Amino acid sequence: MTKVKHIFFDLDHTLWDFHSNSVETLGELYSIFHLDERAPKFDANHFIDRYVFHNERMWEMYRNDKISKSRLRKSRFEYALRDMRIEDKKLSKDLGDAYLDICPRKSKLNEGAIEVLEILKDKYILHILSNGFHETQLIKLEQSGLSHYFKQVITSERAAAKKPHSRVYDFAQVQTGAQPKESMMIGDNLEIDVLGAINYGWDAIHYNIHDEKHDHKSVKSLLEIPALLLK
Ligand SMILES: [Mg+2]
C-alpha cells in the first residue's frame, strides 16, 4: 500500500467553524438592519433559524447544479425575510451583501484545527478541497490564520465541478501531482467528502461530529486524526 502523501481538507464545518461564524454574523445583521423594528413579532433566533433552513436547502440545489451562485446568494435572505413577513428585495440584497462581507472575516475554528495542522504540516502536503466560493474561502483562510498550511486551495469554482463529482478529484490530482493511492480526504460530510473521495480511489476520514453509523474511517475530534493516519 502506498503511503498517504497529500491530505485534502474540507474547510466549512471541518476546520472553519461555519455554524458559529454564521450565527454570529446573522445576529449582527439582525441588529445592524434593525430587523426587530421591521418584524417585531419575530426575534433574532427566528431570523437565524429561517436563514439556516433556506441556506441549507438552497446549497443542496446549488450543489446539484439546479441553481446558480447568484441565485443562491440572492434568494436565501429573500426567503428568510418572507418567513418574517417582510417583502423587501432591496433589504434582502443588502443583507446578502453584508453577510458576504462580514461572515468570511470571522475566524472561529473547530476545536483542534490548528493543533492538528501543526502536527501534520511537516509530514504531509496539505491542501484545501472545498465546494465553497473561491474568493470567500481565501478570505476565511487568511483571516483565521490557516493560509500558510496549504499548498493548493482547490474550490469547486476552480475545478468547475463540485464534490462528489469525479471531475473535482481529477482537477485536484492535476493541480497537486497527487496519485489516488497517496491522497486522503478529510471532511464532515459523509456523502460529499468521504464517499466521493473513496469512489475515486482515495482514502478518506470522516470528521463525524453527528456520530453517523458507517464502516469508514471516522473521528469525533480533529485531534484523533494523527493517530488514525499512522494505522
Ligand atoms: Mg464541510
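## The main core

A good place to start is the largest nonpolar core, which has 33 residues, with M184, M185 and I186 making the most contacts inside it. A nonpolar core here is a set of buried Ala, Val, Leu, Ile, Met, Phe, Trp, Tyr and Cys residues joined through C-beta atoms within 7 Å. Buried means that 20 or more other C-beta atoms lie within 10 Å of a residue's own; exposed means 12 or fewer, partly exposed is in between, and the C-beta atoms are placed from the backbone. The elements giving two or more residues to this core are β1 (6–9), α6 (113–120), β2 (125–130), α9 (166–176), β4 (183–187), α10 (190–199) and β5 (203–207). Helices (H or I, at least four residues) and strands (E, at least two) are DSSP runs, numbered from the N terminus.

This is a predicted model, in which local features need pLDDT of at least 70 and side-chain atom pairs count only at pLDDT 80 or more, while totals for chains, interfaces and linings use all residues. Residues are numbered from 1 along each chain as its sequence is written.

## Around M184, and a second core

Which residues does M184 touch, not counting those up to four places away in sequence? They are V4, I7, F8, W202, D203, A204 and I205. Two residues are in contact if their C-beta atoms, placed from the backbone, lie within 7 Å. A second, separate core has 13 residues, including V23, F77, A80 and L95.

## How α4 meets α5

Two packed helices are described by the angle between their axes and the distance between the axes. Helix α4 (residues 69–82) and helix α5 (residues 89–102) have axes that come within 8 Å and cross at roughly 120°. The axes are lines fitted to C-alpha atoms, for helices over the stretch in contact, and angles run from 0 to 180 degrees between N-to-C directions. α4 and α5 are therefore oblique to each other. Angles under 35 degrees count as roughly parallel, over 145 as roughly antiparallel, 65 to 115 as roughly perpendicular and the rest as oblique.

On the α4 side, the contact uses R73, K74, F77, E78 and L81, while α5 brings K89, L91, S92, K93, L95, G96 and L100. By class, the residues in this contact of α4 with α5 are five nonpolar, two polar and five charged. Ala, Val, Leu, Ile, Met, Phe, Trp, Tyr, Cys and Pro count as nonpolar, Asp, Glu, Lys and Arg as charged, and the others, Gly among them, as polar.

## How α1 meets α5

Helix α5 also packs with helix α1 (residues 18–32), at an angle of about 135° and with the axes 10 Å apart. That makes α1 oblique to α5. T25, E28, L29 and I32 of α1 meet L95, A98, Y99 and I102 of α5. This contact of α1 with α5 has six nonpolar, one polar and one charged residues.

## Backbone details to look for

Try finding K163 and P164, which are joined by a cis peptide bond with omega of about 5°. P164 sits in the loop between α8 (156–159) and α9.

Next, look at H13 in the loop between β1 and α1. H13 is not a glycine, yet its phi is positive, at about 75°. H13 is partly exposed, because 16 other C-beta atoms lie within 10 Å. D65, in the loop between α3 and α4, is another residue other than glycine with a positive phi, near 60°. Is D65 buried or exposed? With 10 other C-beta atoms within 10 Å, D65 is exposed.
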